[in-house]
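Pull up the model and give it a slow spin before reading on. We'll go from the whole chain down to single residues.

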Amino acid sequence: MSDTASYRPRIALISATPAATGPAVAGLADAFPAAEPWNLLDDALLTDAAAQGGLTPALADRMRRLIAYAVRGGAHGVLLTCSLYGPLAERADEGVPVLAADAAAFEAALAGGHQRVLVLASFEAALDDSLSRFRAAARAAHSPVEAVGQVVAPGGLPDTAGADAVLLAQYSLAPRADELSSALGVPVHAGPRAAARALRAEIERGGASCSE
């Protein structure tokens, strides 16, 4: 690489819904502005999972092929923006960082010294999924942090319920992170920005494979 100033690492954003692409690109622009986003969309990943009862072996294989396609296409890092497919990031062995949608946000929330984290979602199923996985991450990290959840209406403000931090369960809520932090007076952890910071750190350390 002869000109580091012009180096733009390509980050593949593999999404299952168009709603995730904007926040994911914005997260890179904010926390990893040197990155070149590359959007890969398979908008049947969620509907097929719903029809087939979850993450089947065939769907897992489909995501693995998408990850491999991204790496063969020159991606220096890969972000799976759909949390359902996060386990595939944990098992990826592609020689570049491959990150699950909210792995970095979970880590940031658990490392923030918080006592009580409010998980916000726009609908109940997303809230239940994120709460369950965040509590599992807290147990795995031997963290005493308490997690509570709340569904928030579009544009609405939640009751913090005594929480000293907020974790956004969906990429579609990420554009409200700064607004919510200002209004509630607590840090707000959002997946896209946290993932962009994590990818930047991995790539600047030399692009070692990530297993979050």
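What follows is a walk through the chain, from its overall build to a handful of individual positions.

First, a word on confidence, since this is a predicted model. The average pLDDT over the chain is 91, and 94% of the residues reach at least 70. The tail end is another story: across residues 207–212 the pLDDT stays under 50. For that stretch the model still has 26 contacts beyond four places in sequence, with the low scores attached to them.

Now the overall build. Eight helices and eight strands make up the secondary structure of the chain. The radius of gyration comes out at 17 Å, and the globule rule for 212 residues also gives 17 Å, so the chain is as compact as a globular protein of that length. If you like boxes, the C-alpha atoms fill one of roughly 50 × 45 × 35 Å along the principal axes.

How much of the chain is buried? Of its 212 residues, 48% count as buried. Sequence-distant pairs are well represented too: among contacts with a separation of 6 or more, 69% are between residues 24 or more positions apart. On the outside, the chain exposes about 9800 Å², and carbon and sulfur atoms supply 52% of that area. As for charge, there are 16 positive and 23 negative side chains, and the centres of the two sets sit 2 Å apart.

Next, two helices and what they pack against. Start with α1, residues 21–31. Its buried residues are T21, P23, A24, G27, L28 and A31. A reminder about helices helps here: an α-helix has 3.6 residues a turn, so residues three or four places apart point the same way. With that in mind, look at A24, G27, L28 and A31, which are among the buried residues of α1. The partners of this buried set are β1 (10–15), β2 (36–41) and α8.

Then there's α5, which covers residues 103–111. Which of its residues are buried? They are A103, A104, A105, F106 and A109. These buried residues pack against quite a list of elements: β4 (98–99), α6 (124–140), β7 (165–168), β8 (188–189) and α8 (191–204). After α5 comes G113, with a positive phi near 75°.

Helix α8 turned up as a partner of α1 and of α5, and P192 is one residue that lies in it. Is P192 buried or exposed? Its relative accessibility is 3%, and the cut-off for buried is under 20%, so P192 counts as buried. Leaving aside neighbours within four places in sequence, P192 is in contact with P23, A24, G27, Y171 and A174. Notice that P23, A24 and G27 are also on the list of buried residues in α1. By contrast, P192 and P87, 105 residues apart along the chain, have their C-alpha atoms separated by 17 Å.

Beyond α8 the chain runs on into a final segment, where you'll find R205. With a relative accessible area of 61%, R205 is exposed. Its C-alpha atom is 29 Å from that of A16, and the two residues are 189 apart along the chain.

Two more helical positions are worth a click. D128 lies in α6, and at 45% relative accessibility it counts as partly exposed. The C-alpha atoms of D128 and G149 are separated by 8.1 Å, with their positions 21 residues apart in sequence. D178 belongs to α7, residues 177–184, and it too counts as partly exposed, at 49% relative accessibility. From D178 to A190 it is 12 residues in sequence and 9.6 Å in space, C-alpha to C-alpha.

Finally, some backbone oddities for anyone fond of Ramachandran plots. Most residues other than glycine have a negative phi. H142 goes the other way, with a positive phi of about 55° although it is not a glycine. You'll find H142 in the loop between α6 and β6 (146–151), and H142 is exposed, with a relative accessible area of 73%. A161 is another non-glycine residue with a positive phi, near 55°. The loop between β6 and β7 holds A161, and at 33% relative accessibility A161 counts as partly exposed.

Conventions. Residues are numbered from 1 along each chain as its sequence is written. This is a predicted model: local features need pLDDT of at least 70, side-chain atom pairs count only at pLDDT 80 or more; totals for chains, interfaces and linings use all residues. Side-chain values use heavy atoms; hydrogens and water are left out. Helices (H or I, at least four residues) and strands (E, at least two) are DSSP runs, numbered from the N terminus. The radius of gyration is taken over C-alpha atoms; the globule rule is 2.2 Å times the number of residues to the power 0.38. Buried means under 20% relative accessible area, exposed over 50%, partly exposed in between (1.4 Å probe, protein chains only). Contact means heavy atoms within 4.5 Å. Accessible areas come from the Shrake-Rupley method with a 1.4 Å probe; for residues, only the protein chains shown count as cover. Lys and Arg count as positive and Asp and Glu as negative; His and the chain ends are not counted. The place of a charge is taken as NZ of Lys, CZ of Arg, CG of Asp or CD of Glu. pLDDT is the predictor's confidence in each residue, from 0 to 100.
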